[in-house]
Amino acid sequence: MSTGTSDCEHRDDWLLEQDVNAWSSLAYVAAGLLLAWEVRRARLPNAVYGLAAIAVAEGSGSLLYHGADSDIGQFLHDVPLIGALGFVAGWHVGRLRDRTDAGSLVGLTTGLVVSGAVWALAPSATNVAVAVTVAVIVVASLIARRRRMTTVWSWPLLALGAAAIAVWALGTPDSPACDADS
């Protein structure tokens with residue numbers, strides 16, 4: 001029995017309402033644990049512990065949200081997402097001042113605080129918060145390029161980003177490619 005469609009997967013009355021989305025959310029948890037392991041092995045800076053923690057939180061929140069639609073599940077799904085983007089945006093801004101670790105943590109904190117406030121006032125505005133964060137990343141990257149700093153964007157990374165955006169767009173209920181019964 002279907003109770004509605006979101007993210008191009010019907011919500012049903014089984015154990016998890018959106019089985020594929022819920023179980024695949026655990027990949028965030030695995031990625032967060034891997035990041036923490038690599039920081040512990042001194043292969044990544046300590047600031048990445050913040051990204052690791054937020055990845056685990058995103059995966060857990062996403063499992064809750066896709067497992068059983070609820071306000072708390074959506075909050076725990078949306079807020080860590082913006083926190084993670086804030087980390088990346090903070091890294092890019094911090095890079096302009098040779099302070100990537102501090103910038104990352106300030107970005108993470110700002111992302112969590114702002115997205116928490118945005119979510120409390122207008123939960124549907126999460127995509128706006130994502131767009132603002134992506135804009136900060138793009139502007140900081142353009143400034144770094146103008147300053148002739150080491151390039152961090154490569155064609156494969158841009159292609160991966162474009163593919164991610166395309167898959168996200170194709171996975172929305174309004175997409176002509178969406179078949180929630182498949």
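In the predicted model described here, Ala36 is a residue of helix H2. With a relative accessible area of 22%, Ala36 falls in the partly exposed class, because that class covers the range between the limit of under 20% for buried residues and the limit of over 50% for exposed ones. Between the C-alpha atoms of Ala36 and Asp12 there are 35 Å in space, while the two residues stand 24 residues apart in sequence.

Helix H2, which comprises residues 26-40, is joined to helix H3, residues 48-67, by a loop that contains Ala42. The backbone of Ala42 has a positive phi, near 65°, although the residue is one other than glycine. Ala42 is also exposed, as its relative accessible area of 68% lies over the 50% that the class requires. A second residue with a positive phi that is not a glycine is Arg148, for which the angle is about 60°. Arg148 belongs to the loop that runs between H6 and helix H7, the latter made up of residues 155-170, and its relative accessibility of 76% places Arg148 among the exposed residues. The loop between H6 and H7 also holds Met149, which counts as partly exposed at a relative accessibility of 25%. From Met149 to Ala47 the C-alpha separation is 21 Å, and along the chain these two residues are 102 residues apart.

The packing of two helices was examined next. In general, a pair of packed helices is described by two quantities, the angle between the axes and the distance between them. For helix H4, residues 71-95, and helix H5, residues 100-121, the angle is about 150° and the axes are 6 Å apart. The crossing in which H4 passes H5 is right-handed. When the residues of this contact between H4 and H5 are sorted by class, 10 are nonpolar, 12 are polar and 3 are charged.

The same two helices, H4 and H5, also carry the partners of an aromatic pair. One such pair is found when the whole structure is searched. The ring centres of Phe75 and Trp119 are 5.2 Å apart and the ring planes stand at 80°, so the arrangement is edge-to-face, since planes over 60 degrees apart are assigned to that category. Phe75 is in helix H4 and Trp119 in helix H5, so that the pair links distant parts of the chain, the two residues being 44 residues apart. The partners are also assigned to separate classes of accessibility: Phe75 is partly exposed, with a relative accessible area of 28%, whereas Trp119 counts as buried at 14% relative accessibility, because the buried class takes in values under 20%.

Helix H5 further contains Gly116, for which a relative accessible area of 16% gives the assignment buried. The C-alpha atoms of Gly116 and Leu26 are 22 Å apart in space, and the two residues are 90 residues apart in sequence.

Helices H4 and H5 are likewise represented in the second largest pocket, to whose lining H4, H5 and helix H6 (126-146) each supply at least two residues. The space in this pocket amounts to about 250 Å³. Its lining consists of 16 residues, and those that lie nearest the centre of the pocket are Gly86, Gly107, Thr110, Gly111 and Thr133. By class, the residues lining the second largest pocket comprise 8 nonpolar and 8 polar residues, with no charged residue among them.

Towards the N terminus, Val20 lies in helix H1, which is formed by residues 19-24. Val20 counts as exposed, its relative accessibility being 59%, a value that meets the requirement of over 50% for this class. Along the chain Val20 and Gly83 are 63 residues apart, and their C-alpha atoms are separated by 24 Å.

How values were computed:
Residues numbered from 1 in each chain as written. Predicted model: local features only at pLDDT ≥ 70, side-chain atom pairs only at ≥ 80, totals over all residues. Heavy atoms only, no water. Axes fitted to C-alpha atoms, helices over the stretch in contact; angles between N-to-C directions. Helix = DSSP H or I, 4+ residues; strand = E, 2+ residues; numbered from the N terminus. Left-handed = near helix turned anticlockwise from the far one by under 90°. Nonpolar A, V, L, I, M, F, W, Y, C, P; charged D, E, K, R; others polar. 1 Å grid on protein atoms, 1.4 Å probe; cavity = no way out; pocket = protein on both sides within 12 Å on 5 of 7 lines; lining within 4 Å. Points joined across faces, edges and corners; volume = space filled by probe spheres on them. Phe/Tyr/Trp six-rings, centres within 6.5 Å; stacked < 30°, edge-to-face > 60°. Buried < 20%, exposed > 50% of the residue type's maximum accessible area, 1.4 Å probe, protein only.
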